[in-house]
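Good morning, colleagues. Please turn to the sequence and the structure as they appear on the screen, and I shall then take you through a few features.

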Amino acid sequence: MSLDARGVTHAYDDEDGGGGTGDARRSDGGTSVAGSGTDGSPVVRDVSLSVDPGEVVAVIGPSGVGKTTLLRLLGLFARPDEGAIAVDGTEAWAAGERDRLALRRDIGVVFQEASLFDATVARNVEYGLRVRRSWRERLRDELRGLVGDHEPPDAVRDALEVVGLADYVDHDAGSLSGGEAQRVAFARALAYDPNYLLLDEPTSDLDPRNTAVIEDAVADASDRGIGTVVATHDMNQARRVADRAAVLLGDGVVEAGPTERVFEDPRDDRTRQFIAGELVY
Amino acid sequence: MLPTGVLGVFADAAAVPFVAFPFEPRYVLSIVFVSLYVSVTAVVLSTLASVPLAIAVGFADFRGKRLVTSIINTGMGFPSVVVGLLVLVTLSNSGPLGHLELVFTKKAMIISQFVLATPPITGITLAAVTGVREDVRDAAFALGGTRTDVALTVVKQARYGIATAVLAGFGRAISEVGSVLIVGGNIAGAGGVSKTRTLTTAIRLEARQGRYELALVLGAVLVAVVLAVNAVVVRLGDSKTWTGGGLR
């Protein structure tokens, strides 16, 4: 049981702000994904990474190094140019579309921006649950919603409880602060009880209080057996939340291991320089 | 300078205890009915065709997409009289669909208004769908959405734009004169009941005959109808029960 990237190489960098439209190759969800960098060179190069249930792995590295692209590969947004992504032993891109959808639904993703839908907090958090229901059930829910007779399921309230927003069920998502919105985004990914969570710089725009709430929620998810990969350039956060750390630089993962060992006794010179803030990148 | 007849309406209204309508209510009601029947039917049919078409074009990557978009946008400015003429030629006895005998019927008017309403509905919907931020698709996809879920979410996010598209199509249809006059004939039957006479063609007729009071009343009714339909569509687009929606 694990989520694995096995020697993946990919030539697209979301962090460059490419957006993934144009001639991008699309995954089965039709979202923005692959393509090529400005010079066609790989952004993610021969990266292997694994996260086990209940484990928190931090992917650290400077901006633009491919952390987001790696997370999008792990989240099955894109098919890697080389290598494989395996979810609990099943190679996702060797599976059929239906099977890959099932694998994808074992993974929750939280982006740097909350990206909430224009609806109530409850409707946002329920989205992942709703798309897993039959069309008949969804139609019934929509009709109930029209007459104001739709109560959010317990999973929605539980997920909001984890991020301290249980009283915000009926709030309009548009009325939330940035920190609250990001907490709702976390609850939204947690509500359908995924086996793995992918967090892309989840607290980069948040104040210390909201950051602490998110980090506590990561620990809570870990206690529940959810394997988490968090991409961050915040060294302190990586040390606080992660069991293992992987340092991603231009030519792939240059160092990986238990977090404290990577920070206290790095074996790679560039890792040492990066942690010391001496690496010009 | 206002025609003396218009002033007469107000003078008469002040002089008598009840408003003296300068028209036969049954006549006006029949005109309103024909206008709404033709325009609403045409817009509903056009929406059913245009919105899926716009979504398909918006989501698909294919060769010539830019050309298709340009053709749709060009259609928005297509002269209505030319549309009416083309529909008339197509439906006339010597035309390819002459055997259907639709000329000077409401069906012919619906066809004409369908052709007129489709470009604005498709074009504005396409702009609304393609204008939705990538975050919407990513969020829907990341939460386990299928291709259909992602598309539905984008449509919900674009709902205000789509509502605007429908309104634009309806506005073009109900305010249209040239094509419905050509294919419908502006016919009122025995007893003064409209057969193919719409609010716009009736206004034109009454104004040309110097019956400005009735023309103004019909104009007011037309504006009221458009306002009412706008209010309903905007209300539908504003519903908080929608679950897709914009980002923050």
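Let me begin with a definition: a residue is called buried if 20 or more other C-beta atoms lie within 10 Å of its own, exposed if 12 or fewer do, and partly exposed in between. Please bear in mind that what you see is a predicted model.

With that scale in hand, consider A:Asp193. How many C-beta neighbours does A:Asp193 have inside 10 Å? There are 16, and A:Asp193 therefore counts as partly exposed. Its place in the chain is the loop of chain A that joins α6 (178-190) to β7 (196-200). The backbone of A:Asp193 deserves a remark as well: phi is near 55°, a positive value in a residue other than glycine.

Chain B offers a second example. B:Phe104 has phi near 60°, again a positive value in a residue that is not glycine. This residue belongs to the loop between α4 (80-91) and α5 (106-130) of chain B. Is B:Phe104 buried or partly exposed? Because 17 other C-beta atoms lie within 10 Å, B:Phe104 is partly exposed.

I return now to chain A and to the strand that follows the loop of A:Asp193, namely β7(A). This strand is mostly covered, with five of its five residues buried. Which residues lie on each side? On one face we find A:Tyr196, A:Leu198 and A:Asp200, and on the other A:Leu197 and A:Leu199; all are buried, and both faces of β7(A) are thus covered.

Next, the pairing partners of β7(A). With strand β6 of chain A, residues 107-110, β7(A) pairs in the parallel sense over four bridges. In this pairing A:Ile107 stands opposite A:Tyr196. With strand β8 of chain A, residues 227-232, the sense is also parallel, and there are five bridges. Here A:Leu198 of β7(A) stands opposite A:Val229 in β8(A). Between β7(A) and β8(A) the chain passes through helix α7, residues 208-223 of chain A, and this β-α-β crossover is right-handed.

Finally, some totals for chain A. The chain has 10 helices and 10 strands. Of its 281 residues, 49% are buried. What share of the contacts in chain A with a separation of 6 or more comes from residues 24 or more positions apart? Such residues account for 71% of those contacts.

Thank you for your attention.

Note on methods: Residues numbered from 1 in each chain as written. Chains lettered and ligands numbered in written order. Predicted model: local features only at pLDDT ≥ 70, side-chain atom pairs only at ≥ 80, totals over all residues. Helix = DSSP H or I, 4+ residues; strand = E, 2+ residues; numbered from the N terminus. Contact = placed C-beta atoms within 7 Å. Pairing = 2+ DSSP bridges. Right-handed = clockwise from strand over helix to strand, strands pointing away.
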